[in-house]
Amino acid sequence: MHPPVSPNPEWRALMDEMAIIATEKYRSVVFKEPRFVEYFCRATPELEYGRMNIGSRPSKRKPSGGIESLRAIPWIFAWTQTRFHLPVWLGFGAAFKHVIEKDIKNLHMLQAMYNEWPFFRVAIDLIEMVFAKGDPGIAALYDKLLVSEELWSFGERLRADYEQTKSLLLTIVAHKDLLEEGPYLKQRLRLRDSYITTLNVLQAYTLKRIRDPSYHVTLRPHLSKEIMDSSKAAAELVKLNPTSEYAPGLEDTLILTMKGVAAGLQNTG
């Protein structure tokens, strides 16, 4: 076996510079953007997760605290549920863009780091995998249903940042598409995608019904007898949880979609 490659001083300097830029970008959005907390609470199931106490501990260290009081698992969990994974990639795009625009030679250096430095390669591969599991279109659906119109532009800005970060990442790894070198994982994700997407849509509309009691879903008149009969059987199940603060069946549905999305993506605490 070959010994691990040690980073040269130039690589370390570039990593340090990118770390500073990424941290500044992350903090500018999460802690300094006045609309962020409201957007986060509206665009994800974080509020319901905390109220239902799904985790082994309360979702926040201080119930009245802001983002800084949120525990790590609910923070990651909420963004994973909407397929946006914001804590994983936010800041990387700004860092990549900064060093590449500063000197095009830095792009070649990043590519060399990816090819020759295992530590850097593993980190980039993990981010690439998360992008492969992500879907900003799903996040946009949550926005449309759950976020007030005055915050839509904020969500659009974040999704543009997502796309730019993904594009820069693909440039660095010299791939035309995500997971180009991981065909088996790519195939597994494609097989799961339709099921996870269905759960996402169901979850988004369930959250809409929980947060807006005046919102009602109109059943299509052409539903088959089999579906109507199955819905009668399902109606019996809602009686199993009569203590929920939500309308019958909504809490159970939300919990099932949360568990299903987490199981399908396989990277949620």
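**Entry 1: the cores**

I began with the nonpolar interior, where the largest core has 45 residues, and where Phe36, Leu86 and Leu110 are the residues with the most contacts inside it. I then listed the elements that give two or more residues to this core, and found α1 (9-30), α2 (36-43), α4, α5, α6 (92-102), α7, α8 (118-133) and α10. Of these I noted α10 in particular, since the largest share of the core, eight residues, comes from that helix. Apart from this core I found another, of 15 residues, among them Leu145, Ala204, Ile210 and Met258. I set beside this the general remark that in soluble globular proteins nonpolar side chains tend to be buried together.

I record here that the model is predicted, and that every value in these entries should be read with that in mind.

**Entry 2: the overall plan**

I looked up the secondary structure next and counted 13 helices and zero strands in the protein, so that the pattern read along the sequence is α-α-α-α-α-α-α-α-α-α-α-α-α. The protein has 269 residues, and 42% of them count as buried. For the contacts with a separation of 6 or more, I noted that 76% are accounted for by residues 24 or more positions apart.

**Entry 3: α7 against α10**

How do α7 and α10 pack, and at what angle? I found that helix α7 (residues 105-116) and helix α10 (residues 152-173) pack at an angle of about 70°, with their axes 8 Å apart. Angles of 65 to 115 degrees count as roughly perpendicular, and α7 and α10 are therefore roughly perpendicular to each other. On the α7 side I listed Leu107, Leu110, Gln111 and Tyr114, which meet Thr171, Ile172 and Val173 in α10. Sorted by class, this contact has five nonpolar residues, two polar ones and no charged ones. Leu110 had already appeared in my first entry, as one of the residues with the most contacts inside the largest core.

**Entry 4: two positive phi values**

I checked the backbone for unusual torsions, bearing in mind that most residues other than glycine have a negative phi. His85 has a phi near 55°, a positive value in a residue other than glycine, and this residue lies in the loop between α4 (72-81) and α5 (86-89). Ala174 also has a positive phi, of about 60°, although it is not a glycine, and its place is in the loop between α10 and α11 (183-211).

Is each of these two residues buried or exposed? His85 counts as buried, at 2% relative accessibility, whereas Ala174 is exposed, with a relative accessible area of 60%.

**Entry 5: Gln81 and Val147**

I turned to Gln81, which has its place in helix α4 and which counts as buried because its relative accessibility is 0%. Leaving out residues up to four places away in sequence, I found that Gln81 touches Pro45, Tyr142, Asn200, Gln203, Thr257, Met258, Val261 and Ala262. Met258 is also among the residues of the 15-residue core. Gln81 and Glu46 are 35 residues apart in sequence, and their C-alpha atoms are 9.5 Å apart in space.

Val147 lies in the loop between α9 (136-146) and α10, and at 6% relative accessibility it counts as buried. I noted that Val147 touches Tyr39, Arg42, Ala43, Tyr142 and Trp152, again not counting residues up to four places away. Tyr142 is thus a contact of Val147 and of Gln81. The C-alpha atoms of Val147 and Thr44 are separated by 9.4 Å, with their positions 103 residues apart along the chain.

**Entry 6: Thr206 and Lys208 in α11**

Which backbone oxygen does the side chain of Thr206 reach? Thr206 is found in helix α11, and its side chain reaches the backbone oxygen of Leu202 at 2.7 Å. I recorded Thr206 as buried, with a relative accessible area of 4%, and in contact with Leu250, Thr253 and Leu254 once its neighbours within four places in sequence are left aside.

Lys208 is found in helix α11 as well, and its side chain reaches the backbone oxygen of Leu145 at 3.3 Å. Beyond residues up to four places away in sequence, Lys208 touches Leu145, Leu146 and Tyr215. Leu145 is one of the residues I had listed for the 15-residue core.

Conventions: Residues are numbered from 1 along each chain as its sequence is written. This is a predicted model: local features need pLDDT of at least 70, side-chain atom pairs count only at pLDDT 80 or more; totals for chains, interfaces and linings use all residues. Side-chain values use heavy atoms; hydrogens and water are left out. Axes are lines fitted to C-alpha atoms, for helices over the stretch in contact, and angles run from 0 to 180 degrees between N-to-C directions. Helices (H or I, at least four residues) and strands (E, at least two) are DSSP runs, numbered from the N terminus. Angles under 35 degrees count as roughly parallel, over 145 as roughly antiparallel, 65 to 115 as roughly perpendicular and the rest as oblique. Contact means heavy atoms within 4.5 Å. Ala, Val, Leu, Ile, Met, Phe, Trp, Tyr, Cys and Pro count as nonpolar, Asp, Glu, Lys and Arg as charged, and the others, Gly among them, as polar. Buried means under 20% relative accessible area, exposed over 50%, partly exposed in between (1.4 Å probe, protein chains only). A polar contact is a pair of N or O atoms within 3.5 Å; within protein, one must be able to donate a hydrogen and the other to accept it, and residues adjacent in sequence count only if both atoms are side-chain atoms. A nonpolar core is a set of buried Ala, Val, Leu, Ile, Met, Phe, Trp, Tyr and Cys residues joined through side-chain atoms within 4.5 Å.
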